[in-house]
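User: I have a model open and would like to go through its fold and packing with you. Could you put it up so that we refer to the same thing?

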Amino acid sequence: EKVLTPHLASQYYHHLTGSYLQEYAHGDDGVRQYYEKLLGTTDVVVWAALFHAAFDKHIERNEPCCCGSGRKFKKCHEPIVQSIQLIGKEQVEKDFKDLNVL
C-alpha cells in the first residue's frame, strides 16, 4: 500500500495529463519552473534583484527588501536569498544567464 498505490496513482496522473506529478519540464523550461517555484514569482526583474542581494551586496535584515515590496528584508525574501546562496553563485549565475535573466 505504501509503494504500489502511490506508484499507480502517479502513473494514472501521467496518463491523464501527460506529465508526472511534481515533475519539472526538461531543459531550460524545467530550470525556469524550478526558479519560479523557489523564488515565488515569474518576474525576472525580482530574480535579478534577489541574485544581487544573495551574492553582490549585503542587505541588513531590517532594511527594506530588494524586491521593492516595502517590507523588511527579514520578513520578505531573506529565506529565499539564503536558499539561493546554498545553490552557489556559479550555478545560479549560469542558470540565470541561460534564461536571459542576467
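Analyst: One term is needed at the outset: a residue is called buried when its relative accessible area is under 20%, exposed when over 50%, and partly exposed in between. Please also keep in mind that this is a predicted model.

User: Understood. What percentage of the 102 residues is buried?

Analyst: Buried residues account for 26% of the 102 residues in the protein. The exposed surface comes to about 7,100 Å², of which carbon and sulfur atoms supply 51%.

User: And how many helices and strands are there?

Analyst: There are 5 helices and 0 strands. Read from the N terminus, the order of elements is α-α-α-α-α. The radius of gyration is 17 Å, well over the 13 Å expected from the globule rule for 102 residues, so the protein is more spread out than a compact globule.

User: What does the C-alpha trace span along its principal axes?

Analyst: The spans are about 50 × 30 × 20 Å. Two pairs illustrate distances across the model. Thr5, which lies in helix α1, and Lys94 are 89 residues apart in sequence, and their C-alpha atoms are 39 Å apart. Val44, in helix α3, and Leu8 are separated by 36 residues along the chain and by 37 Å between C-alpha atoms.

User: What share of the contacts with a separation of 6 or more comes from residues 24 or more positions apart?

Analyst: That share is 47%.

User: Let us turn to the core. Which residues touch the most other members of the largest nonpolar core?

Analyst: They are Leu39, Trp47, Leu50, Cys66, Ile84 and Phe96, out of 22 residues in that core. Helices α2 (28-39), α3 (44-55), α4 (78-87) and α5 (89-98) each supply at least two of its residues. The most comes from α3, with 8 residues. As general background, nonpolar side chains in soluble globular proteins tend to be buried together.

User: Trp47 is on that list. What is it in contact with, leaving aside neighbours within four places in sequence?

Analyst: Trp47 is in contact with Arg32, Tyr35, Glu36, Leu39, Thr41, Thr42, Phe96, Leu99 and Val101. Two of those residues, Arg32 and Val101, are also touched by Val44, again not counting residues up to four places away. Val44 itself is partly exposed, at 31% relative accessibility.

User: Which residues of α5 are buried?

Analyst: Val92, Asp95 and Phe96 are buried there. Viewed down the helix axis, the buried residues of α5 fall within an arc of 95°, so they line one face of the helix. The background is that an α-helix has 3.6 residues a turn, so residues three or four places apart point the same way. The cover over the buried residues of α5 includes α2, α3 and α4.

User: What follows α5?

Analyst: Asn100 comes after α5, with a positive phi near 60°. Asn100 takes this value although it is not a glycine. In general, most residues other than glycine have a negative phi. Asn100 is exposed, with a relative accessible area of 66%.

User: Now the aromatics. How many aromatic pairs are there?

Analyst: The count is 7 aromatic pairs. In one of them, Tyr24 and Tyr34 have ring centres 6.0 Å apart and planes at 85°, so the pair is edge-to-face. Tyr24 sits in the loop between α1 (4-17) and α2, whereas Tyr34 is in helix α2, 10 residues away.

User: Are those two tyrosines buried or exposed?

Analyst: Neither term applies: Tyr24 is partly exposed at 35% relative accessibility, and Tyr34 is partly exposed at 33%. Both belong to one aromatic cluster with Tyr35, Trp47, Phe51, Phe55 and Phe96.

User: One last residue. Where is His77, and what is it in contact with beyond four places in sequence?

Analyst: His77 is in the loop between α3 and α4. With sequence neighbours within four places left aside, its contacts are Leu39, Leu50, Cys65 and Cys67. His77 has a relative accessible area of 11% and is therefore buried. Leu39 and Leu50 were also named among the core residues that touch the most other members.

Terms used:
Residues are numbered from 1 along each chain as its sequence is written. This is a predicted model: local features need pLDDT of at least 70, side-chain atom pairs count only at pLDDT 80 or more; totals for chains, interfaces and linings use all residues. Side-chain values use heavy atoms; hydrogens and water are left out. A nonpolar core is a set of buried Ala, Val, Leu, Ile, Met, Phe, Trp, Tyr and Cys residues joined through side-chain atoms within 4.5 Å. Buried means under 20% relative accessible area, exposed over 50%, partly exposed in between (1.4 Å probe, protein chains only). Contact means heavy atoms within 4.5 Å. The arc is that of the directions from the helix axis to the C-beta atoms. The radius of gyration is taken over C-alpha atoms; the globule rule is 2.2 Å times the number of residues to the power 0.38. Accessible areas come from the Shrake-Rupley method with a 1.4 Å probe; for residues, only the protein chains shown count as cover. Rings of Phe, Tyr and Trp (its six-membered ring) pair if their centres lie within 6.5 Å; planes under 30 degrees apart count as stacked, over 60 as edge-to-face and the rest as tilted.
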